[in-house]
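Please open the structure in your viewer and keep the selection tool ready. The tour goes from one group of residues to the next, and at each stop it says what to select and what is there.

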Amino acid sequence: MKALGKMFAGKTLLAMSLMGIMASAVQADDKVLHVYNWSDYIAPDTIKKFEDESGIKVVYDVFDSNETLEAKLLAGKSGYDIVVPSNNFLAKQIKAGVYQKLDKSKLPNWKNLNTDLLKAVSVSDPGNEHAFPYMWGSIGIGFNAEKVKAALGADAPTDSWDLIFKPENAAKLKSCGISLLDSPTEMIPVALHYLGLPTDSQKKEDIDKAEALIMKVRPSIAYFHSSKYISDLANGNICVAVGYSGDIYQAKSRAAEAGDKVKVSYNIPKEGAGSFYDMVAIPKDAENVEGAYKFMTFLQKPEIMAEITNAVRFPNGNAAATPLVDKDITSDPGIYPPADVQAKLYAIADLPAATQRILTRSWTKIKSGK
């Protein structure tokens, strides 16, 4: 009996030891937060400020396309506690059961958010149950005015999609470099809009027309990428980029910091352009949910969001932050478009899986040039 008692005591001690190790592991996990955000999309000191305030270590990874993020989320066990999808991708991912519903009682700074923006993105997320807007912007034309003028003359149509889609213009710009976003869900609607077709068309014949338009200028396109153009515009390695508004303003800032030898400009084309809203959400399989809520609450502080906008040059979704944003940003129509320009912006649509497949096949053909 004594030997049996020792054996049970030993097992009890072992069980208690294992429980202690497991508790420590859980506690350790609670002190680590995994965040997956767009590249070049946060202020340099945001993460450190959160770590200092919360005591939580942040593992911060970046992506440069919604398609990359979606592949990880749909595969399951992404390993992330916070992700930042665009609203059109968010909509279909919600339907796929990818996200947790938000407990707004754990988000005391929700009151700071822009109610108009919340209403706008509720089309993708009814009742704003799963996410809140982080940053938003437009998809337009970034350009090196000096090089474009040298290629096309003083009357170069830098305020029009003609700059990209007229083959004679693209051919003359080839020598100084054109880049397009590597995203079929964003670039094909640009072409559809230029052709006067619905940007959310599900008709294969419409998508074929958009494909044909881009294929005409394909020989003049240097590359397709959704972040590389920032440094290339700033360094003068390319002269035209179809890109995200804030990214191009970052290129402009980098060029200025390097001595202003390269002048970068951004225009929302007069025909109109795509707009996007990037959302903050918690994946269903997130391991540090409490840490995710703390990070969301931190991001909803006006002073934090203003600092991020000042760094990345994208307008944010926090109404209380706007008065704290640098005036040169809020007064710039390329970043905060006036009402008449906003009226010409279209939202990127949430398209059915069958249409997505058509877009992907078309994009593969465009990129290969065959």
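## A pair of buried rings

Begin by selecting Tyr41 and Phe314, both of which are buried in what is a predicted model. The structure holds 16 aromatic pairs, and this is one of them: the ring centres of Tyr41 and Phe314 are 5.0 Å apart and the ring planes stand at 85°, so the pair is edge-to-face, an angle over 60° being what that name requires. Now colour the chain around each ring, and you will find Tyr41 in the loop between strand S1 (32-38) and helix H2 (46-54), while Phe314 lies in the loop between helix H14 (302-312) and helix H15 (327-330), so the pair ties together parts that are 273 residues apart in sequence.

Next, widen the selection to Tyr36, Trp38, Tyr41, Phe63, Tyr80, Tyr134, Tyr244, Phe276 and Phe314, which together form one aromatic cluster.

## Into the core

Keep Tyr134 selected, since the next stop concerns this residue too. Which residues have the most contacts inside the largest nonpolar core? They are Tyr134, Val240 and Ile308, and the core itself has 115 residues. Strand S4 (residues 131-144) gives the most to this core, contributing eight residues. In soluble globular proteins, nonpolar side chains tend to be buried together.

If you show the surroundings of Tyr134 and leave aside residues up to four places away in sequence, the residues it touches include Asn37, Tyr41, Ile42, Val84, Asp278, Leu299, Ile308 and Gly317.

## Charges over rings

Move on to Phe89 and Lys92, where the charged end of Lys92 sits over the ring of Phe89, at 4.4 Å from its centre. Then select Tyr223 and Lys228: here the charged end of Lys228 sits over the ring of Tyr223, 4.2 Å from the ring centre.

## The disulfide

How many disulfides does a search of the whole structure find? The search finds one, and it joins Cys176 to Cys239 with an S to S distance of 2.0 Å. Show the two side chains as sticks and look along the S-S bond, about which the torsion is about 60°, so the disulfide is right-handed. Cys176 lies in the loop between helix H8 (167-173) and strand S5 (178-180), and Cys239 in the loop between helix H11 (228-235) and strand S7 (240-244), so the pair ties together parts that are 63 residues apart in sequence.

Are these two cysteines buried or exposed? Cys176 is buried, with a relative accessible area of 12%, and Cys239 also counts as buried, at 0% relative accessibility.

Methods
Residues are numbered from 1 along each chain as its sequence is written. This is a predicted model: local features need pLDDT of at least 70, side-chain atom pairs count only at pLDDT 80 or more; totals for chains, interfaces and linings use all residues. Side-chain values use heavy atoms; hydrogens and water are left out. Rings of Phe, Tyr and Trp (its six-membered ring) pair if their centres lie within 6.5 Å; planes under 30 degrees apart count as stacked, over 60 as edge-to-face and the rest as tilted. Helices (H or I, at least four residues) and strands (E, at least two) are DSSP runs, numbered from the N terminus. Buried means under 20% relative accessible area, exposed over 50%, partly exposed in between (1.4 Å probe, protein chains only). A charge sits over a ring if NZ of Lys or CZ of Arg is within 6 Å of the ring centre and within 35 degrees of the ring normal. A nonpolar core is a set of buried Ala, Val, Leu, Ile, Met, Phe, Trp, Tyr and Cys residues joined through side-chain atoms within 4.5 Å. Contact means heavy atoms within 4.5 Å. A disulfide is a pair of cysteine sulfur atoms within 2.5 Å.
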